[in-house]
Amino acid sequence: MKKDEPETPTILFTGFPGFIGMRLLPRILELHPGSRLECLVQEKFMEAARTAVETLEAKHPHAKDRIGLVAGDITVQGLGIEAHRARELRRTLAQAWHLAAVYDLAVARDVGRRINVEGTKNVLDFVGQARRFERLQYVSTAYVSGAARGTFRETDLDVGQGFKNHYEETKFQAEVEVVRSKVPKTIYRPGVVVGDSKTGETAKFDGPYFVLRVMEKMPSPGIFVRIGLGFGTVNVVPVDFVVEAMAALSAAPVSLGKTYHLCDPQPHSPRELAEIFAEAIGKSFAYVPVPMAVAKAFFAPKPVQRFFGMPVQALDYFDDPVRHDTAQATQDLGELGIECPRLADYISGLVAFYRSHRETVRKEAMI
């Protein structure tokens with residue numbers, strides 16, 4: 001590069017080669033044609049990351065020679081990047097996407113804190129030392145709402161809520177660190193992410209897929225449980241909506257400094273969700289209310305959780321009395337021509353993909 005030529009802006013990305021990352025990278029490069037991506041990857045995932053880059057470059061010509069891999073670890077100060085490489089990266093660093101986290105409802109507190117909280121603090125420290133840094137694109141979760149009741153707004157964070165598990169608690173603590181920092185940022189809070197609304201493709205069968213797995217084991221016509229009071233909602237969103245929403249908003253000046261609930265503005269109740277799934281797999285059930293305490297006692301033994309393929313912590317989300325307000329997201333995404341599709345319109349694709357890939361797709365959460 002000649003001295004009078006401007007250096008290519010760099011975008012740091014954590015969470016590659018995860019399922020969302022694989023979909024998001026090509027859109028970021030498309031929306032930032034003059035930039036280069038550097039993906040922070042642990043050594044143990046480096047070979048998988050190299051293969052993923054080859055796949056992306058073959059499928060998306062505009063990504064050719066624009067994705068680099070940096071060995072490192074978010075849980076280490078300085079992100080574990082070799083000193084000379086870190087200096088080079090900071091010199092051209094313009095943006096960062098932080099997706100890397102532990103996505104596991106049953107995560108232990110110490111693991112959640114090390115990855116979700118300390119990892120986020122290390123990312124903030126690293127980008128805070130980049131002189132040309134413009135914005136952090138931070139991926140949180142709608143469930144920083146924890147045990148809050150009623151409407152939880154995009155401008156809400158600490159409302160004195162408790163938490164249903166350490167995943168929620170540590171993602172909340174991580175977002176607190178992001179908000180407190182002086183780093184320019186946009187925060188995205190997806191709901192429960194499921195497969196692609198067009199193809200059904202997903203990288204893991206958790207969340208609402210637990211309902212499918214349990215229903216498959218039940219006789220039909222038969223009885224299916226309705227856990228708790230049944231007044232809550234389950235906010236399900238397809239991965240393609242989440243990816244396109246984040247990509248489009250990240251390139252929109254209006255999004256700087258905002259937090260977005262990437263959720264269904266009209267979420268289904270647990271009963272409605274169960275009925276949609278039952279119809280999609282051709283089963284019929286009568287729904288019997290079961291107190292949450294009874295359901296948790298039944299699912300508490302590990303053999304029961306293994307049989308149904310569902311951790312006991314997932315039960316809380318079938319009686320969650322919070323509603324995630326999407327006013328900011330609905331307005332700004334509406335101006336970009338993006339809206340969240342309704343589950344009933346794409347459930348058949350989810351079920352078809354599940355049935356044809358149930359033995360090959362992972363059931364556990366990703367880290």
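**Entry 1: surroundings of Q95**

I looked up the neighbours of Q95 in this predicted model. Leaving aside residues up to four places away in sequence, I found that Q95 touches T10, I11, L12, H32, F133, R135 and Q137. I then placed Q95 in the fold: the residue belongs to strand 4, which covers residues 93-98.

Next I asked whether Q95 is buried or exposed. Its relative accessible area is 7%; because buried means under 20%, I recorded Q95 as buried.

I also checked which partner the side chain of Q95 has for a polar contact. The partner is the side chain of Q137, at 2.9 Å. Q137 is also in the list of residues that Q95 touches.

**Entry 2: aromatic pairs**

I turned to the rings and noted 12 aromatic pairs in the structure. One of them joins F298 and F299 in an edge-to-face arrangement, with 5.4 Å centre to centre and 85 degrees between the planes.

I looked up the accessibility of both partners. F299 has a relative accessibility of 9% and is therefore buried. F298, at 47% relative accessible area, is partly exposed; the value does not reach the class of exposed residues because that class requires over 50%.

I further noted a cluster in which ring pairs link F205, Y209, F353 and Y354.

**Entry 3: a lysine over a ring**

Finally, I asked which residue lies over the face of F307. I found K217 there, at 4.6 Å from the ring centre.

Conventions:
Residues are numbered from 1 along each chain as its sequence is written. This is a predicted model: local features need pLDDT of at least 70, side-chain atom pairs count only at pLDDT 80 or more; totals for chains, interfaces and linings use all residues. Side-chain values use heavy atoms; hydrogens and water are left out. Helices (H or I, at least four residues) and strands (E, at least two) are DSSP runs, numbered from the N terminus. Buried means under 20% relative accessible area, exposed over 50%, partly exposed in between (1.4 Å probe, protein chains only). A polar contact is a pair of N or O atoms within 3.5 Å; within protein, one must be able to donate a hydrogen and the other to accept it, and residues adjacent in sequence count only if both atoms are side-chain atoms. Contact means heavy atoms within 4.5 Å. Rings of Phe, Tyr and Trp (its six-membered ring) pair if their centres lie within 6.5 Å; planes under 30 degrees apart count as stacked, over 60 as edge-to-face and the rest as tilted. A charge sits over a ring if NZ of Lys or CZ of Arg is within 6 Å of the ring centre and within 35 degrees of the ring normal.
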